[in-house]
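Reader: I would like to go through this model with you one point at a time. Please give your reasoning before each result.

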Amino acid sequence: MMENFYITTAIDYVNGAPHIGHAFEKIYTDILFRHFKKRIDNCFMLTGTDEHGIKIQKTAKAAGITPKELCDANSNLFKEAWNLLDISYSKFIRTTDDYHKKTVQDIFEKLLEKGDIYKHQYTGLYCSGCETFLSPKDLDEEGNCPVHGKKPEEVSEENYFFKLTKYKDKIIEHIKNNKDFILPEFRANEVLNQLENIEDISVSRAKSSVEWGIEVKSDPSQVIYVWIDALSNYITGLGYSVDGNHDENFKKFWPANFHIIGKDILKFHSIYWIAILMALGVELPKSIYAHGWITIDKNKMSKSTGNVIAPKTVMEEFELKNPDALRYFMATAAVNGKDGNYSDIDFKEKVNADLANNMGNLLNRTLNMLVKYFDGEIKEKFISDNELNQKAANIQKEVENLFDKCDIASAANCIIGLVDEANKYVNDTAPWSLAKEGKMDECGKVLYNVLNLMVKIALLIEPYCPNIAQSMANQLKFDINLKYTEIQPNMIKPGKLISKDEIIPVFLRLDSEFAANKK
Ligand code: MSP
């Protein structure tokens, strides 16, 4: 078993408020984090905000405030949103934090000293949306940036450049030799193709064009360009130091097990970041996982289309008491690196089917039968080894294997598949008929088997739905913080389990009126 586990999200730009695309990634990462906390003792999750660059400078100017004021206000919106979604991160980093700025300056100087960064007069096409120079090959037929649909600006400057080409062969070799380095695996070829055409990259901008950035220590006329600044967060957040005097967290948690990022920024992570780490002589992360994108009603989310949805809006419109339903939907909406879609109707149907009708209902009716037939008591003779125990053990293994590859949607399907099996088992064995026929021991065994299985289901579903799982644990009287290694075949002990007034539905169906009234 791994001793320590470190997972990161991309850090979000703060020129706007968080939307459900940003939320998708933070939920995705938090689910992985919570799952691994059940398998590994020491786990750390880093998230945060990426606050420098020309876009922030322009937005702040237009709003008549300082860039820092804009960053403070918007960074807080991200923190509030993650709070609302029960994102249980260990640390929130802001690239305007002093310790981060200092280490980024040191990193830049170290690479300069090493000769991996050099000064060069350059004319290029700059996309402020991507905060990067694009080559003519990157543009679409109309000469626009394919991601932002806008013509890049022609910029001529003397900038610092990083010798990316020096590391090309080493990166190719690393990707080819490490199958899990880029996940899902189908993305690795994409990166290998991009590597064919790489050039050295600009890593600073003249202060005269961009003021809002970290100054180059030895040349204050230049600011460090956003990607070196942003990518370094993964190590500065742990207390990395160029002189080797690292904080405990860096020693304990680096290299990262997973960098979770969107497919649009895979190149920056699997090529630029890796080359920077190689240049610094820092160990490489174990895996970079690129997730797909979420569309809204099948359209790309954009301010101009006016279809940007905040996670808070979904919570308010459906009057959700906690974020579990949204977390569950997001986790299953985009399967293993593919794109996914959010619509109110799909959301409601999916969570009603899986969380209310299937899982919640099964627990509720089984507990009610236990109270009705046995006054809520588990008798010793109800407990025996049964087929559901073996099935649960198999599913647990499968879920763990899927999480090792970050495939949380398929893992959720496995868990719900186990609930389906349990529902089928109840329907086939019909405990209500057994009770009617006076076969009370058989009836008790069926109820026990199902409730005992629900303990395991709650532990497996907890990373997705922590509140629902806690409510299941309250009713089934076990500790939701148990590790997966502590799962035994028979988890529920004999004795009084529950009384009628303690039974509460763990998830109420979302009212069908909501979606109908909205459009
Ligand atoms: N600041 C950079 C990342 C630096 S990481 C060292 C950035 N910021 S972003 O705000 O544009 O995006 C942050 C993350 O949100 C990215 O991983 C991006 O892919 C993800 N998403 C933004 N919109 C999204 C969707 N509509 N759907 C899913 N993820 C989306 O890039």
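Reader: Is Tyr240 buried or exposed?

Author: This is a predicted model, and within it Tyr240 sits in the loop between H8 and H9. A residue counts as buried when its relative accessible area is under 20%. The relative accessible area of Tyr240 is 5%, so Tyr240 is buried.

Reader: Which residues does Tyr240 touch, not counting residues up to four places away in sequence?

Author: Val14 lies 226 residues from Tyr240 along the chain, and the C-alpha atoms of the two are separated by 24 Å. With residues up to four places away in sequence left out, the residues that Tyr240 touches are Thr103, Ile107, Ile235, His246, Phe250, Leu280 and Val282.

Reader: Where does Asn233 lie, and is Asn233 buried or exposed?

Author: Asn233 belongs to helix H8, and Asn233 touches Ile11, Leu46, Ile93 and His100 when residues up to four places away in sequence are not counted. Because its relative accessibility is 1%, Asn233 counts as buried.

Reader: Which element gives the most residues to the shell around the ligand?

Author: In total, 25 residues surround the ligand, and the closest are Ile11, Glu25, Asp50, Asp264 and Ile294. Strand E2 (12-13), helix H1 (20-37), helix H7 (226-231), helix H8 (233-236) and strand E13 (258-262) each supply at least two residues of that shell. The element that gives the most, with four residues, is H1.

Reader: How many residues of the shell around the ligand are nonpolar, polar and charged?

Author: The shell is made up of 25 residues. Sorted by class, the shell around the ligand holds 13 nonpolar, eight polar and four charged residues.

Reader: How much of the area that the ligand exposes when taken alone does the protein bury?

Author: Oxygen atoms of the ligand are approached by a polar side-chain atom of His22 at 3.4 Å and by a polar side-chain atom of Glu25 at 2.5 Å. A backbone N or O atom of Gly262 also lies 2.9 Å from an oxygen atom of the ligand. Taken alone the ligand exposes 660 Å², and the share of this that the protein buries is 94%.

Reader: Why do the buried residues of H2 line one face of the helix?

Author: Helix H2 covers residues 54-63, and its buried residues are Ile54, Ile56 and Ala60. Seen down the axis of H2, these buried residues line one face of the helix because they fall within an arc of 165°.

Reader: Which elements do the buried residues of H2 pack against?

Author: H2 has Ile54, Ile56 and Ala60 as its buried residues, and H2 is followed by Gly64, whose phi is positive, near 70°. The elements against which the buried residues pack are helix H3 (67-84) and strand E5 (117-127).

Reader: How does Lys58 count by its relative accessibility?

Author: Lys58 is part of helix H2, and its C-alpha atom is separated by 9.6 Å from that of Trp212, although the two are 154 residues apart along the chain. Since its relative accessibility is 48%, Lys58 counts as partly exposed.

Reader: Is Lys348 buried or exposed?

Author: Lys348 is found in helix H13, residues 344-374. The cut-off for a buried residue is under 20% relative accessible area. With a relative accessible area of 12%, Lys348 is therefore buried.

Reader: Which residue does a cis peptide bond join to Leu183?

Author: Most peptide bonds are trans. The bond in question follows Leu183, and its omega is about -15°, a cis peptide bond. The residue on its other side lies in the loop between strand E8 (182-183) and helix H6 (187-196), and that residue is Pro184.

Reader: What is the omega of the cis peptide bond from Trp254 to Pro255?

Author: Pro255 has its place in the loop between helix H9 (248-253) and E13. For the cis bond that leads from Trp254 to Pro255, omega is near 5°.

Reader: What is the phi of Cys406?

Author: Most residues other than glycine have a negative phi. Cys406 is placed in the loop between helix H14 (387-404) and helix H15 (408-429), and Cys406 is buried, with a relative accessible area of 0%. Its phi is positive, although Cys406 is a residue other than glycine, and the value is near 65°.

Technical notes
Residues are numbered from 1 along each chain as its sequence is written. This is a predicted model: local features need pLDDT of at least 70, side-chain atom pairs count only at pLDDT 80 or more; totals for chains, interfaces and linings use all residues. Side-chain values use heavy atoms; hydrogens and water are left out. A residue is near a molecule or strand if one of its heavy atoms lies within 4 Å of it. A polar contact is a pair of N or O atoms within 3.5 Å; within protein, one must be able to donate a hydrogen and the other to accept it, and residues adjacent in sequence count only if both atoms are side-chain atoms. Accessible areas come from the Shrake-Rupley method with a 1.4 Å probe; for residues, only the protein chains shown count as cover. Ala, Val, Leu, Ile, Met, Phe, Trp, Tyr, Cys and Pro count as nonpolar, Asp, Glu, Lys and Arg as charged, and the others, Gly among them, as polar. Buried means under 20% relative accessible area, exposed over 50%, partly exposed in between (1.4 Å probe, protein chains only). The arc is that of the directions from the helix axis to the C-beta atoms. Contact means heavy atoms within 4.5 Å.
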